[in-house]
Amino acid sequence: ISYTLAGGVIAALLGPELAKLTRDALSVEFAGSFAALIVVSFVALAVLQFLRIPPPVVNPQAEPARPLDEIVRNRTFGVALLAALVGYAGMAFLMTVTPLAMSAHHHSFDSAAFVIEWHILAMFAPSFVTGTLIARWGVLRILIAGTVLFAGSIAVNLSGTGVTQFWLGLVLLGLAWNFLYVGGTTLLTETYRPSEKALVQASN
């Protein structure tokens, strides 16, 4: 899970720089950025054509799948779902509004791009070690740490509107998201049998 998310480090470095380079490329501001994003999407689509996922192997001796409502009633499932939900929703809300708030407080576009770049780095770079931290300290401690970081991000964002506050608030938010999302996804794997994997992951 961690190594899959670590690919976002590339996005953290290239995304804001691409936005800065293409912002005024066309007659309408940011139209060039959206055009560049279309190109990037098609490049990703082309790369995915080389992905080969082996078909799932059916084990005739596997335990039968339980009804989904029985799995959902498991408290562990609830904690896993809530952790990923709060982490993702909170991150998306605060990250999306930050460039708008920075613009409203007359910070430059380059400053906003800098803050977002560090935020995305904080989201994905820890993925190289999050799995190790979970293995060493346990998934629940990582979820608690993510919750504390999330609260810290909110406190910093409420403390002021300078570039430093926006930067630190979003760095803490990125770390919180990583711990909550990777931790929640890891915890989810403890709630299902192999025969239930696809149903539970899709429902989550």
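Which hand does the crossing of α6 and α9 have? Here are some notes on this predicted model, and that crossing is picked up in point 3.

1. Let's start with the overall picture. The protein has ten helices and zero strands, so from the N terminus on you simply read α-α-α-α-α-α-α-α-α-α. Along the principal axes, the C-alpha atoms fill a box of roughly 60 × 40 × 30 Å. There are 204 residues, and 32% of them are buried. If you take the contacts between residues at least 6 apart in sequence, 78% join residues at least 24 apart.

2. Now for the inside. The largest nonpolar core has 34 residues, and the ones that touch the most other members are Phe124, Leu143, Leu173, Trp177, Leu188 and Val200. Five helices each give at least two residues to this core: α2 (8-22), α5 (75-104), α6 (109-124), α8 (139-159) and α9 (163-188). The largest share comes from α9, with ten residues. As background, nonpolar side chains in soluble globular proteins tend to be buried together.

3. Back to the opening question: α6 passes α9 in a right-handed crossing. Their axes come within 7 Å and cross at roughly 20°. Angles under 35 degrees count as roughly parallel, and that makes α6 roughly parallel to α9. From α6, the contact uses Ser111, Phe114, Val115, Ile116, Trp118, His119, Ala122, Met123 and Phe124. On the α9 side you will find Val163, Phe166, Trp167, Leu170, Val171, Leu173, Gly174, Leu175, Trp177 and Asn178. Sorted by class, that is 15 nonpolar, four polar and no charged residues. Phe124, Leu173 and Trp177 from this contact are also among the core residues that touch the most other members.

4. Trp118 deserves a look of its own while you are at this contact. This tryptophan lies in helix α6 and, leaving out residues up to four places away in sequence, touches Trp167 and Val171. Both of those partners are on the α9 side of the contact described above. Is Trp118 buried or partly exposed? With a relative accessibility of 38%, Trp118 counts as partly exposed. You can also check the spacing to Leu13: the two C-alpha atoms are separated by 8.6 Å, although the residues are 105 apart along the chain.

5. The other helix pair to look at is α5 with α9. How far apart are the axes of α5 and α9? They are 8 Å apart, and the helices pack at an angle of about 155°. The cut-off for roughly antiparallel is over 145 degrees, and α5 and α9 are therefore roughly antiparallel to each other. Their crossing is left-handed, whereas α6 passes α9 in a right-handed one. The contact of α5 with α9 has 20 nonpolar, five polar and no charged residues.

6. Two loop residues are worth checking for their backbone angles. Most residues other than glycine have a negative phi. Phe30, in the loop between α2 and α3 (31-48), has a positive phi of about 75° although it is not a glycine. Phe30 is partly exposed, with 29% relative accessible area. His106 sits in the loop between α5 and α6, and its phi is also positive, near 65°. At 72% relative accessible area, His106 is exposed.

7. Next comes Ser33, which has its place in helix α3. Its relative accessibility is 15%, and buried means under 20%, so Ser33 counts as buried. Which residues does Ser33 contact, once its neighbours within four places in sequence are left aside? They are Ala19, Thr22 and Arg23. Ala19 and Thr22 fall in the range of α2 (8-22).

8. Last, a residue on the outside. Ile10 is found in helix α2, one of the helices that supply the largest nonpolar core. Even so, Ile10 itself is exposed, with a relative accessible area of 55%. The C-alpha atoms of Ile10 and Leu172 are separated by 19 Å, and the two residues are 162 apart along the chain.

How values were computed
Residues are numbered from 1 along each chain as its sequence is written. This is a predicted model: local features need pLDDT of at least 70, side-chain atom pairs count only at pLDDT 80 or more; totals for chains, interfaces and linings use all residues. Side-chain values use heavy atoms; hydrogens and water are left out. A nonpolar core is a set of buried Ala, Val, Leu, Ile, Met, Phe, Trp, Tyr and Cys residues joined through side-chain atoms within 4.5 Å. Buried means under 20% relative accessible area, exposed over 50%, partly exposed in between (1.4 Å probe, protein chains only). Helices (H or I, at least four residues) and strands (E, at least two) are DSSP runs, numbered from the N terminus. Axes are lines fitted to C-alpha atoms, for helices over the stretch in contact, and angles run from 0 to 180 degrees between N-to-C directions. Angles under 35 degrees count as roughly parallel, over 145 as roughly antiparallel, 65 to 115 as roughly perpendicular and the rest as oblique. A crossing is left-handed if the near helix is turned anticlockwise from the far one by less than a right angle, and right-handed if clockwise. Ala, Val, Leu, Ile, Met, Phe, Trp, Tyr, Cys and Pro count as nonpolar, Asp, Glu, Lys and Arg as charged, and the others, Gly among them, as polar. Contact means heavy atoms within 4.5 Å.
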